[in-house]
Amino acid sequence: MITKENVISRLKQLGYEVTNEDTDRLDFEIQKILNYVVNYCNFTTVDDIPEILDPRIIDRVCSEFLFYKRNSGTLDGFDYDLVIKEIKEGDTTLKYATGQDGDTAESRFDSFVKQMERGFDKWITPHRKLRW
């Protein structure tokens with residue numbers, strides 16, 4: 001089950017500290033993405049969404065939230081220079097994106113947000129149901 005606390009925790013992991021002003025927007029983004037999944041998969045309610053999709057849904061909510069905040073000019077306190085470029089799990093490698101190849105901090109941020117939402121429909125497609 002997706003909760004606001006899960007999303008806030010993930011945003012914190014990504015380097016964004018949620019404020020009281022963000023809670024209404026977070027509620028909206030969570031409901032928007034959950035409604036999208038319910039509609040796309042032809043579920044009856046949000047309770048029909050399998051738990052295995054929770055991490056992907058949380059990342060999608062975070063990407064939508066961060067994208068909105070950046071485009072509205074209200075993304076304060078996010079360190080663009082610490083956007084993660086690469087994560088490897090075997091032998092634990094973590095690389096931060098730097099100003100290489102002429103990329104600006106903002107373009108790296110945009111790529112980072114797009115990466116979080118990439119493949120979302122592919123993840124939820126196997127859970128679609130037929131509607132008669």
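**Figure 1. Order of helices and strands along the chain.** Read along the sequence, this predicted model follows the pattern α-α-α-β-β-α-α, and the protein has five helices and two strands in total. Of its 132 residues, 33% count as buried. Among the contacts in the protein with a separation of 6 or more, 69% are accounted for by residues that stand 24 or more positions apart. The accessible surface comes to about 8,500 Å², and carbon and sulfur atoms hold 49% of that area.

**Figure 2. The largest nonpolar core.** This core has 30 residues, and those with the most contacts inside it are V7, L11, V37, I49, I57 and L66. The elements that give two or more residues to the core are α1, α2, α3, α4 and α5, the last of which covers residues 120-124. Helix α2 provides the largest share, with eight residues. For a view of a single core member, L66 can be followed to its neighbours: when residues up to four places away in sequence are not counted, L66 touches L11, L14, Y16, L75, F109, V113 and M116.

**Figure 3. F67 in helix α3 and its approach to V113.** F67 has its place in helix α3, which spans residues 54-71. The C-alpha atoms of F67 and V113 are separated by 6.9 Å, although the two residues are 46 residues apart along the chain. F67 has a relative accessible area of 40%, and it is therefore classed as partly exposed, since that class lies between the 20% limit for buried residues and the 50% limit for exposed ones.

**Figure 4. The salt bridge between R10 and D59.** A search of the whole structure finds eight salt bridges, and one of them is formed by R10 and D59, whose closest N and O atoms are 2.6 Å apart. The pair links distant parts of the chain, because R10 belongs to helix α1 (residues 4-13) while D59 belongs to helix α3, 49 residues apart. The two partners fall into separate classes of accessibility: R10, at 24% relative accessibility, counts as partly exposed, whereas D59, with a relative accessible area of 15%, is buried because its value is under 20%.

**Figure 5. E29 and K32 within helix α2, and the network around them.** The side chains of E29 and K32 meet in a salt bridge with an N to O distance of 3.0 Å. Both residues lie in helix α2 (residues 23-41), where they are three residues apart, which is about one turn of the helix. E29 is buried, with a relative accessible area of 1%, while K32 is partly exposed, with a relative accessible area of 31%. These two residues also take part in a wider arrangement, as R25, E29, K32, R60 and E64 are linked in a network of salt bridges.

**Figure 6. The salt bridge between R70 and D110.** R70 forms a salt bridge with D110, and the closest N and O atoms of the pair are 3.2 Å apart. R70 lies in helix α3 and D110 in helix α4 (residues 105-117), so this salt bridge ties together parts that are 40 residues apart in sequence. R70 is partly exposed, with a relative accessible area of 23%, and D110 likewise counts as partly exposed at 23% relative accessibility.

Note on methods
Residues numbered from 1 in each chain as written. Predicted model: local features only at pLDDT ≥ 70, side-chain atom pairs only at ≥ 80, totals over all residues. Heavy atoms only, no water. Helix = DSSP H or I, 4+ residues; strand = E, 2+ residues; numbered from the N terminus. Buried < 20%, exposed > 50% of the residue type's maximum accessible area, 1.4 Å probe, protein only. Salt bridge = Lys/Arg side-chain N within 4 Å of Asp/Glu carboxyl O. Contact = heavy atoms within 4.5 Å. Areas by Shrake-Rupley, 256 points an atom, 1.4 Å probe, with all protein chains shown as cover. Core = buried A, V, L, I, M, F, W, Y, C linked by side-chain atoms within 4.5 Å.
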